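Reader: I'm new to this one, so could you walk me through a few spots in it?

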Amino acid sequence: MSNPRKVAAELEPNLDIPWSNRALMWPIFNVAAPLLFHPDLHFESGREGKEMWRDHVESDDPTLGLMSHAREADAVLMARIVFERALRGMRYETIVTAKEQLRQIPIVGFIVRKGGTSPVDRVFENPFETPEEKKRRMDKNLNNKHVGITVLRAGGNILGFPEGGTTARKRLPDGSFERVPRQKDEILPHQAGFANMVIDSPPDVRERLRLMTIVSRYGEGLLSMFHPTTVVMDPVKPVDGGVPELKAQSEALMHRANELAIEIDTLKALGQSR
């Protein structure tokens, strides 16, 4: 089977990580992430769900990971999640889509720039956007879709954040948007990018593709980012249909995962386990 990262690098050169960058990233993803992040990891169906994912990962069929995005460190958290024995086969065949704006954030931006991510522009259309800016944004996102389809065709995995960011968006009277803090346990409406990737994938890829929905629920305070309650839903085949149907499916899965995380945290507060 083709190396998904190598194949997709023809469309996005950033995916072909040079050895110098691999040397920089190795201690971050293989030492720092496992040492710092200790998610309380749960599979939807417990041991059975874990076995379902292990069978899928070992089959070399593609996976589209849809992760909640309450904190900027979620992508690094994923590096820790795939240390779970059932998911280890995903470690070197997963491409993370990261919004362009993350490249400017200290530390996180360094990881995004050097870690071989596929950039996507999360700037929403607004009346102040010039035609040139709009075309550049749309071309970049179209290329990101083609990268994703290429990776899935090669049996690789794509990890994205369908909520589009850690904050909610509010439309202003002039037609533009502003970012506002999300509420506790709020799941934001999903963007259409992942759905278009599924729709435009070849029928045989779509048949083998499974959705991996992941929700991490954080407590109060900065340090809670290192120990969230994380739920991985069972493998699910994308529904037949268009963008509305796929978005409805992904949002329902993420809401269910969030409900399970709340249930788990409630039981933990009572000294019980799920």
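Reader: Is Asp-185 buried, partly exposed or exposed?

Author: Keep in mind that this is a predicted model. Asp-185 sits in the loop between strand E7 (177-180) and helix H7 (193-199). Buried means under 20% relative accessible area and exposed means over 50%. Asp-185 has a relative accessible area of 29%, so it counts as partly exposed.

Reader: And what is the phi of Asp-185 near?

Author: Most residues other than glycine have a negative phi. Asp-185 isn't a glycine, yet its phi is positive, near 65°.

Reader: Which residue that follows H3 has a positive phi?

Author: Look in the loop between H3 and E2. The residue there isn't a glycine, and its phi is about 65°. With a relative accessible area of 34%, it is partly exposed. The residue following H3 is Asp-60.

Reader: Why are the buried residues of H3 on the same side, and what arc do they cover?

Author: Helix H3 runs over residues 47-58. Its buried residues are Gly-49, Trp-53, His-56 and Val-57. They are on the same side of H3 because they cover an arc of only 95°.

Reader: Which residues are exposed on the other side of H3?

Author: The buried residues of H3 have cover that includes strands E1 (40-43) and E2 (63-67), helix H8 (203-208), E8 and strand E9 (229-232). On the other side, the exposed ones are Arg-47, Glu-48, Asp-55 and Glu-58.

Reader: Is Thr-213 buried or exposed?

Author: Thr-213 belongs to strand E8 (residues 210-217). Among the residues it touches are Leu-66, Val-231 and Met-254. Its relative accessibility is 1%, so Thr-213 counts as buried.

Note on methods: Residues numbered from 1 in each chain as written. Predicted model: local features only at pLDDT ≥ 70, side-chain atom pairs only at ≥ 80, totals over all residues. Heavy atoms only, no water. Helix = DSSP H or I, 4+ residues; strand = E, 2+ residues; numbered from the N terminus. Buried < 20%, exposed > 50% of the residue type's maximum accessible area, 1.4 Å probe, protein only. Contact = heavy atoms within 4.5 Å. Expected span 1.5 Å × (residues − 1). Arc of directions from axis to C-beta. Lists of a residue's contacts leave out its neighbours within four places in sequence.
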